[in-house]
Amino acid sequence: MRKAGRSANEKLFPVKHRKPAPYAFVLDAVSRLPIETRSMFGCLAVYVGDKIVLMLREKQKQVEDNGVWLATTKEHHQSLRSEFPHMRSIQQFGREVTGWQVLPANAPDFESAALRACELILARDPRIGKVPKGRRPRKPKTD
């Protein structure tokens with residue numbers, strides 16, 4: 001009888017086991033769209049086409065920034081804040097205001113706010129989502 005354990009293929013080609021998605025209800029809510037998820041900075045980035053729309057963050061450190069991050073731009077903050085009163089800038093980025101805004105997981109309306117953000121994404125609201133800047137080509141090494 002063979003003992004349970006890693007197969008020969010797993011030893012040669014280790015399999016990365018992905019952590020379960022934080023706030024999976026968000027993924028369920030936008031599943032009618034052709035979404036793609038990617039791990040990014042220990043979070044789960046959610047793309048619709050070439051636009052990043054959300055990041056789902058649940059970490060043990062810097063818990064104040066846990067929640068649903070909205071990819072937006074500064075000019076949309078005020079109008080989005082009228083819909084999401086607890087939305088705020090990401091604290092770990094310091095005092096500089098960025099396009100990223102968070103619906104904090106510890107807010108009393110977190111789940112309803114996250115689902116409302118999903119409704120806006122489904123409706124293709126132009127305030128949420130942005131095409132990431134392409135990576136700059138690396139300069140060739142000169143020896």
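Here are three short exercises, with worked solutions, on a predicted model.

**Exercise 1. Work out the strand order of the sheet, and find which strands stand at its edges.**

Solution.
- Start with the order: six strands make up an open sheet, running β1-β2-β3-β4-β6-β5, with antiparallel pairing.
- Next, look at the ends. β1 (35–40) and β5 (88–89) each have a single partner strand, so one side of each is left without a neighbour in the sheet.
- Now zoom in on one edge. β5 pairs with β6 (residues 100–104) in the antiparallel sense over two bridges, and here S89 stands opposite Q101 of β6.
- Finally, add the helix: α4 (residues 110–122) lies across β2 (43–48), β3, β4 and β6, and runs at about 135 degrees to β6.

**Exercise 2. Examine the phi angles of Y23 and Q62, and say where each residue lies.**

Solution.
- Recall the background: most residues other than glycine have a negative phi.
- Take Y23. Its phi is positive, about 55 degrees, although Y23 is not a glycine.
- Y23 lies in the loop between α1 (8–12) and α2 (24–29), and it counts as buried at 13% relative accessibility.
- Turn to Q62, another non-glycine residue with a positive phi, near 50 degrees.
- Q62 is in the loop between β3 (51–57) and β4 (67–71), and is partly exposed, with a relative accessible area of 43%.

**Exercise 3. Decide whether C43 and C118 are buried or exposed, and count the disulfides.**

Solution.
- Buried means under 20% relative accessible area.
- C43, at 7%, is therefore buried.
- C118, at 1%, is buried too.
- For a disulfide, two cysteine sulfur atoms must be within 2.5 Å; by this rule the count is zero.

Terms used:
Residues numbered from 1 in each chain as written. Predicted model: local features only at pLDDT ≥ 70, side-chain atom pairs only at ≥ 80, totals over all residues. Heavy atoms only, no water. Helix = DSSP H or I, 4+ residues; strand = E, 2+ residues; numbered from the N terminus. Buried < 20%, exposed > 50% of the residue type's maximum accessible area, 1.4 Å probe, protein only. Pairing = 2+ DSSP bridges. Contact = heavy atoms within 4.5 Å. Axes fitted to C-alpha atoms, helices over the stretch in contact; angles between N-to-C directions.
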